[in-house]
Amino acid sequence: MATMSAFHTLRGVSLETIGSSCNLWRNNVYSLTTKSCRLRCLQSRILRPFSSRQHNPKVPEVPTWEPAPEEQLPPPTKIPVDLVDKLERLALVDFRTKQGLECLEKAIRFADQLHVVDTSGVEPMDSVLEDRALYLRDDTATEGDCAEELLKLAKNTVEEYFVAPPGNIPLPKREERTAMLRHSEF
Amino acid sequence: MAASCIAASELLHNIKLIPYHKASCVLIRRISTSKLKCSSQPVAEATSAPQQLVGVVGLEIHAQISSNTKLFSGSSVQFLAPPNSLVSFFDASLPGTLPVLNRRCVEAAVMTGLALNCTINKKSLFDRKHYFYADLPAGYQITQQRRPVAVDGVLTYSFLGGKKRNQVIRKNVHIKQIQLEQDSGKSLHDDVNNQTLIDLNRAGVGLMELVMEPDMSGGEEAAAAVRELQLILQALGTCQGNMSEGQLRVDANVSVHRAGEPLGVRTEVKNINSIRFLAKAIDFEIQRQTDVVQRGGTVKNETRAYDSKSGETVPMRDKEGLQDYRFMPEPNLPPLIVFEDNASLPAGIDACQAVVVQTIKEGLPELPGIKRDRLVQAYGILPEHSFTLVNEDGLMEYFEAVMRATKMEPRKVIGWVTNELVGLLKQQNTSVSHSPVTPAALAELLELQEAGHISSSVAKQVFQEMWRSPGKTGAEIIREQDLGLVSDAAKLHRVCQKVVDSHPDEVCAIRSGNKKVLNRLMGLVQKELKGRADPVLVREILQEKTS
């Protein structure tokens, strides 16, 4: 799916964006006192593009940004009603107005620009932390026992339980949907 | 509000706990019942006609990791705690909370993987699997979809088959993968008030999902495989394996096809909470699909629930008809790295931070299959007895302790342990560790029998008495109740003479060559002396008197 590629951070792209905000980061890095390991990791990544001699030719020397020319992009994605239906079910959101659809199509069009980036031979990256060791915790209880505090946040509770509607509320069936759409803007 | 409060406590009371049946040789019997049922059906006789439909079974097993705390949070893991008392901010998915992986859970998964001959992935990855359900507060579950911690293993299981059910049949099932993932919370459906009560105590508890390839052909094999897995997990201590408490949850993928043809459309059977029901549910489902296909119909790909009352599987309404889990890499967890051995640890890594495969391998306990083979080898007992010893928690240790303290032959001791001891344990519904008769006390009693102080029937009588009055030794009971063997020759001669005199027909038969009748006279003498006569002496005397 077109939208999926937007989720994948590509190594080249991520370095570029990190590089561009590098100064900003550097200024803030030392003032932050939280989890130092995360920050150290970020630092190392930030500094690498500048310190490493072997510069990846796919990564621009300086940060640049310009919209990709329309003719380089794949044909614009049109969202069929069926797909809207599916997305609404999956994400439990409601965007069945013309504006909602336009917004989605624009977002996909924006993400289409990623197709222009040549990523051949570049391994996708999951996270900027991926070369860090994953911290492993001891198996000792340190938290929990805050039912009262948590239950206070809920709209409905019964005794010590959270209360939810019975099962998932089914969204309207496609036939009902079509009938509804006939009366809406499109 | 008051009304719903009452409903909540009623719901709580209605959560019936199925009593945990102490697993033992019962399994063998359990399976055999299902087999009997199965063999009356055409499916089981696939060998005669090549066109016969055969069942294909794969399993997906969720094993709750036995740990103090959850997979990604430091809240305790405990069964039957007050609702929502074991929930951290992360478990409730409050914004800004982050997962912190529990080392114990990783070690448990690696250990389980090693015990199942898996390849341990030195690098594994976490993913988010999205779905909406009220007991999953984050809207996604953290799992290992792309690269699980262990892959490509094999579980060897055996069961007793053959006509007399005393033949050990050994089979393999491939383990596709073992992945770490979070458990969900629990939903209590309150139909009266049209609402669902959510308890998040279980939310975030570490699970190992084990995927078994469709290498099994029916309920009996699947049950034996799960039972073996259960024993392995319990031996490792990585999962308590209690199905009725949900520590081990089994879903079965069942299809039928003709041998050599592609696999048929499968159904997924859920809601199976014991090994016995697993066998029954699978056999029912195979039969149902066979009927459908033979009638010319097609099997629908669906999820079915097993109803233990009716013994049937029924279509289950899916959580969502349209399943698209929208997997994505978990951005908050870097890849999980485990190391082959201490030499491969990178410099500067904190040793207590590293999970080292070699160290875990060295700590693996003796697994049930090895135990059984060793018992058969070392003591010359029958394979079915080795099953009983390994199936009942602590029974093997009990048997071996008795063996160390007695000179009695293993084949005799095994009878005592698997019949007398297990019989009383079952009757009292208790476990080996609660046996009032210690291995030492039993050994002492057996020594008395071996030395000829008491007969075997008296020994059994004394054993019952020892059970009833714990702390008393066998010797004390024998003295108190005057149960010692009668070896007073004069007394024995008197009783034997009496029996011989009053049974002229039997004596006649013996004299004319039918020596077996002597046993009947021996029985009568024993009856007269309440089983306390020295059998060797009695036989000698009777032979003398009837010659």
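Biologist: What makes strand S1 (residues 53-64) of chain B and S12(B) a pair, and in which sense do they run?

Modeller: This is a predicted model, and the answer rests on counting bridges. Two strands pair if at least two bridges are found between them. S1(B) and S12(B) are joined by 11 bridges, so they satisfy that criterion, and they run antiparallel. One of the positions involved is Leu53(B), whose bridge partner in S12(B) is Arg258(B).

Biologist: With which other strand does S12(B) pair, and over how many bridges?

Modeller: S12(B) also pairs with strand S13 (residues 267-272) of chain B, in the antiparallel sense and over 4 bridges. Here Ala252(B) has Val269(B) in S13(B) as its bridge partner.

Biologist: Why is strand S12 (residues 248-258) of chain B described as largely enclosed?

Modeller: A residue counts as buried when its relative accessible area is under 20%. In S12(B), 9 of the 11 residues are buried, and therefore the strand is largely enclosed by the rest of the structure. For chain B as a whole, 52% of the 547 residues count as buried.

Biologist: What makes S2(A) an edge strand in the open sheet, and which strand stands at the other edge?

Modeller: The open sheet has 4 strands in the order S2(A)-S3(A)-S10(B)-S9(B), with antiparallel pairing. Strand S2 (157-158) of chain A and strand S9 (186-190) of chain B each have a single partner strand, so one side of each lacks a neighbour in the sheet. S2(A) pairs with strand S3 (residues 161-164) of chain A over 2 bridges. As two bridges are the least that a pair needs, these 2 bridges suffice. One of the bridges sets Val158(A) opposite its partner Tyr161(A) in S3(A).

Biologist: Why is the aromatic pair of Phe277(B) and Tyr306(B) classed as it is?

Modeller: The search of the whole structure finds 10 aromatic pairs over all chains. In the pair of Phe277(B) and Tyr306(B), the centres are 5.7 Å apart and the planes make 50 degrees. Centres must lie within 6.5 Å, and planes under 30 degrees apart count as stacked, over 60 as edge-to-face and the rest as tilted. The pair is therefore tilted. The pair links distant parts of the chain, with Phe277(B) in helix H5 (residues 275-294) of chain B and Tyr306(B) in strand S14 (residues 303-307) of chain B, 29 residues apart. Phe277(B) and Tyr306(B) are both buried.

Biologist: How do you know the class of the pair formed by Tyr379(B) and Phe399(B)?

Modeller: The same cut-offs apply. The centres of Tyr379(B) and Phe399(B) are 5.0 Å apart, with 80 degrees between the planes. An angle over 60 degrees counts as edge-to-face, and so this pair is edge-to-face. Tyr379(B) belongs to helix H7 (residues 368-379) of chain B and Phe399(B) to helix H9 (residues 395-405) of chain B, 20 residues apart. Phe399(B) has a relative accessible area of 0%, so it is buried.

Biologist: How do you know that the charge of Lys129(B) lies over the face of Tyr325(B)?

Modeller: The charged atom must be within 6 Å of the ring centre and within 35 degrees of the ring normal. Lys129(B) lies at 4.2 Å from the ring centre of Tyr325(B) and over its face. In a second case, the charged end of Arg372(B) sits 4.5 Å from the ring centre of Phe387(B), over the ring.

Biologist: Is Thr69(B) buried or exposed, and with which side chains does its own side chain make polar contacts?

Modeller: Thr69(B) has 0% relative accessibility, so it counts as buried. It lies in the loop between S1 and strand S2 (101-102) of chain B. A polar contact requires N or O atoms within 3.5 Å. The side chain of Thr69(B) reaches the side chain of Arg137(A) at 3.0 Å and that of Asp139(A) at 2.6 Å.

Biologist: What makes the phi of Ser93(B) worth remarking on?

Modeller: Most residues other than glycine have a negative phi. Ser93(B) is not glycine, yet its phi is positive, near 60 degrees. Ser93(B) is in the loop between S1 and S2 of chain B, and its 30% relative accessibility means that it counts as partly exposed. Arg326(B), also not a glycine, has a positive phi of about 45 degrees. Arg326(B) is found in the loop between strand S15 (312-315) and strand S16 (328-329) of chain B. With a relative accessible area of 30%, Arg326(B) is partly exposed.

Terms used
Residues numbered from 1 in each chain as written. Chains lettered and ligands numbered in written order. Predicted model: local features only at pLDDT ≥ 70, side-chain atom pairs only at ≥ 80, totals over all residues. Heavy atoms only, no water. Buried < 20%, exposed > 50% of the residue type's maximum accessible area, 1.4 Å probe, protein only. Phe/Tyr/Trp six-rings, centres within 6.5 Å; stacked < 30°, edge-to-face > 60°. Polar contact = N/O pair within 3.5 Å; in protein donor to acceptor, adjacent residues only side chain to side chain.
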